[in-house]
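Colleague: I've got a model open and I'd like to learn how to read its packing. Can you take me through it?

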Amino acid sequence: MAAENANNSNCFCSVQDFENYAYKTLPRSVLDYYRSGACSQQTLRNNQESFTKLRIRPRCLRDVTLRDTKTKVLGMDFDIPIGVSPSAMQKMAHPDGEIGNARAAGSVGAVYILSTLSTTSLEEVARGAPNTVKWFQLYIYKDRKETEKLVKRAESAGYKALVLTVDANVFGLRYADARNAFQMPSHLKFGNFGDLKSKFLDRSNGSGLKAYIDLMFDEGIQWKDVKWLKTITKLPIIVKGVLIAEDALTAIEHGAVGIMVSNHGGRQLDTAPSSIEALPEIVKAVDGRVDVYLDGGVRYGTDVFKALALGAKMVFIGRPALWGLAHSGEEGVKKVLQILINELKNTMGLVGCNKLADMEKDMVVHKSFYHKL
């Protein structure tokens, strides 16, 4: 009976419950790949810890009987201000993989971002989750023709935006993957690159993923390459991986219509700021010219509220969706999203907000606000 209860998602009340389950059940190398950060993993820890240092200042006796979480992003309507971030190789967590994750997002009215390094092709995800709004995460490769092919495929398959990762031209030092000589399980493949499997299995550099990065990624990319990307597509371009105001402004100058504040889940530059720490600076600099989004460290509806109140238009989750996937595939991801939605609506009610526009910046302060002399 105890084992049966452990597998029953009805017993899981928080994202942490799903994370605990994944930690107990996933193979060690897969778990380490999903959960680990760069070097000392300080940024990884800070992504969550920084949220705990923020305090919510509630307003009382407001009628909150009609709480509405709808939002509009890039001209598209969404039921919730929560989306799913790109994460590589999702079939390592569950056979439902990227399709299950995308379907779960669509079932609750969220956007789903597909990773270039998916274990399901972008066309298969498009066919498997036709009712989900999908964006495609992209790298600019040494071979620009390879990049252009992916862009054209995403356009043809109906993806609504490109999410360009700009913080990974140099690969972060992920010691857990090196120790594990991490490689994708042999029964899986890259859905978007049929010829890369044998190259990815090369362990000569400790991690097969490191070998792939060295082979494909261009350390010489510059902002002018974002402008180049605009010349080959009509899809809106969101720049993911920005942590300072100057880069946000430069991204806008080069054609970005959205900025995703992100440190790559703490997997790139260690001791960089947490996403929620970097958010206010970027929101202030952007000053409403484009949407600002956030990913990194979100585990509770209160985290979502804090990010939205501080200016994020939408908040994205990566690892929590993987933990849901590891538990029960599509249904697990759906449950994780429903938990966050319920927590967000609960927070809105307790703070005194009926809609997202009611959230005000001064409702969220650093804990030092309460330690003034």
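Modeller: Sure, we'll go through aromatic rings, helix packing and a few loop residues.

Modeller: This is a predicted model, so to speak of local features we need pLDDT of at least 70, side-chain atom pairs count only at pLDDT 80 or more, and totals for chains, interfaces and linings use all residues. Residues are numbered from 1 along each chain as its sequence is written, and side-chain values use heavy atoms, with hydrogens and water left out.

Colleague: How do I read a pair of rings, and how many aromatic pairs are there?

Modeller: A pair of aromatic rings is described by the distance of the centres and the angle of the planes. Rings of Phe, Tyr and Trp (its six-membered ring) pair if their centres lie within 6.5 Å; planes under 30 degrees apart are stacked, over 60 edge-to-face, and the rest tilted. The count here comes to 13 aromatic pairs. Take Phe 12 and Phe 18: their ring centres are 4.8 Å apart and the planes sit at 70 degrees, so they're edge-to-face. Both Phe 12 and Phe 18 are buried (buried is under 20% relative accessible area, exposed over 50%, partly exposed in between, with a 1.4 Å probe and protein chains only).

Colleague: What about Tyr 34 and Trp 323, how are their planes set?

Modeller: At 75 degrees, with the centres 6.5 Å apart, so that pair is edge-to-face too. Tyr 34 lies in helix 3 (residues 28-35) and Trp 323 in helix 15 (residues 319-351), so the pair ties together parts that are 289 residues apart in sequence. Helices (H or I, at least four residues) and strands (E, at least two) are DSSP runs, numbered from the N terminus. Tyr 34 is buried at 3% relative accessible area, and Trp 323 is buried at 1%. Tyr 34 and Trp 323 also belong to one aromatic cluster with Tyr 23, Tyr 33 and Phe 182.

Colleague: Which charged residue lies over the face of Tyr 23?

Modeller: Arg 35, at 5.0 Å from the ring centre. The rule is NZ of Lys or CZ of Arg within 6 Å of the ring centre and within 35 degrees of the ring normal. Likewise, the charged end of Arg 144 sits over the ring of Trp 228, 6.0 Å from its centre.

Colleague: At what angle do the axes of helix 3 and helix 15 cross?

Modeller: Roughly 155 degrees, and the axes come within 10 Å. Axes are lines fitted to C-alpha atoms, for helices over the stretch in contact, and angles run from 0 to 180 degrees between N-to-C directions. That makes helix 3 roughly antiparallel to helix 15 (under 35 degrees is roughly parallel, over 145 roughly antiparallel, 65 to 115 roughly perpendicular, the rest oblique). Leu 31, Tyr 34 and Arg 35 of helix 3 meet Arg 319, Leu 322 and Trp 323 of helix 15, where contact means heavy atoms within 4.5 Å.

Colleague: And how does helix 2 pack on helix 15?

Modeller: Helix 2 (residues 15-25) packs at about 175 degrees, with the axes 9 Å apart. So helix 2 is roughly antiparallel to helix 15.

Colleague: Which residue that isn't a glycine has a positive phi of about 50 degrees?

Modeller: Met 89, found in the loop between strand 4 (82-84) and helix 5 (97-107). Met 89 is buried, at 0% relative accessibility. Thr 271 has a positive phi of about 70 degrees and isn't a glycine either, but Thr 271 is exposed at 61%.
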